[in-house]
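Here are a few exercises to work through with the model open on your screen. Try each task before you read its solution.

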Amino acid sequence: MNIFAHRGSSGFYPENTMIAFEKAIDDGVHGVELDVQLTKDGQMVVIHDETITRTTNGAGYVKDFTLHELKQYDAGGWFPYPSMQRIPTLDEVLRLLQPTSLQVNIELKNDVIPYAGLEEKVVSIIQEYNMESRIILSSFVPQSIQKVSQLAPFVERALLCMENQQDPIEQLHKYNANALHCHYRLISPSLLERAKALHIPIRVFTVNDKDNWLRMMELGVDAIFTDYPLEKKRGKASG
Ligand code: G3P
Ligand code: CA
């Protein structure tokens, strides 16, 4: 079972910042997950929420700031173990990860704000970095996955599914995805059996406690996303 650092090693470092991704590399993960949104001037930035309020010392929507304006804020001071960080661009994060062999799951964070042109921009930068074979693009918006399938048919595409998703495999076929990234409560032996028969990778989010981690291993999921990758690697999951 592969381990993906969810928003970097975000249990001990501020999520979606360079230090969280650097630590994920040190933690020996198989892959890294991150979230991408667009600024007012169309730049790709790595941040989970649609606003900067929770994870920086500023407030307001990402889409209402230029990149230059966003870079003024501290994205690390809010965290229990603070360090001065800036909101990274996708370019900065790919520059860090390109020389590694890690898989990179870029979540198109467009389920609340439908950023025009996000898919094209992300596909273009992963081609620039020649990272197509190591990237997994995911989204909660199935139409966005379908669009990526037309723009970049050789890039892996994962449909994100919450626990109440009806028939995720049917959805995957309908929108031309080739993997499922599922909430752990959606996982059942029958879903895994069907997925395995069809060679569909199943990766599960966000697994931070020991019981769920062991259950996912026993069930045979392909990967988990966790905020605590080092603990999972050492078999010391908390909880
Ligand atoms: O990609 C899995 C997971 O990151 C989706 O949920 O809210 O943490 O982005 P969220
Ligand atoms: Ca995410």
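**Exercise 1.** Work out whether asparagine 176 is buried, exposed or partly exposed.

*Solution.* Start with the count: asparagine 176 has 16 other C-beta atoms within 10 Å. Next, compare that with the cut-offs: 20 or more would make a residue buried, and 12 or fewer would make it exposed. A count of 16 therefore makes asparagine 176 partly exposed. Keep in mind that this is a predicted model. As for where to look, asparagine 176 sits in the loop between helix 6 and strand 7 (179-183). Check its backbone too: phi is positive, about 65°, even though the residue is not a glycine.

**Exercise 2.** Now do the same for aspartate 167: is it buried or exposed?

*Solution.* First find it, in the loop that links strand 6 (156-161) and helix 6 (168-174). Then count: 12 C-beta neighbours lie inside 10 Å, so aspartate 167 goes down as exposed. Last, look at phi, which is near 35°, a positive value in a residue other than glycine.

**Exercise 3.** Find the strands that pair with strand 1, and say how enclosed strand 1 is.

*Solution.* Take burial to begin with. Strand 1 covers residues 2-6, and four of its five residues are buried, so the rest of the structure largely encloses it. Now for the partners. Strand 9 (residues 223-226) runs parallel to strand 1, and four bridges join them. One pair to click on is asparagine 2 with alanine 223 in strand 9. Strand 2 also pairs with strand 1 in the parallel sense, over three bridges. There, histidine 6 has glutamate 33 of strand 2 as its bridge partner. To finish, trace the connection: the chain leaves strand 1, passes through helix 1 (residues 18-26) and reaches strand 2, making a right-handed β-α-β crossover.

**Exercise 4.** Which residues of helix 4 are buried, and what covers them?

*Solution.* Helix 4 spans residues 118-128, and its buried residues are Leu118, Glu119, Val122, Val123 and Ile126. Because they cover an arc of only 125° around the axis, they are on the same side of helix 4. Then see what packs over them: the cover includes strand 2 (31-38), strand 3 (44-46), strand 4 (103-108), strand 5 (135-139) and helix 5 (142-151). One more stop: asparagine 130 follows helix 4, and its phi is positive, near 55°.

Notes:
Residues numbered from 1 in each chain as written. Chains lettered and ligands numbered in written order. Predicted model: local features only at pLDDT ≥ 70, side-chain atom pairs only at ≥ 80, totals over all residues. Helix = DSSP H or I, 4+ residues; strand = E, 2+ residues; numbered from the N terminus. Arc of directions from axis to C-beta. Contact = placed C-beta atoms within 7 Å. Pairing = 2+ DSSP bridges. Right-handed = clockwise from strand over helix to strand, strands pointing away.
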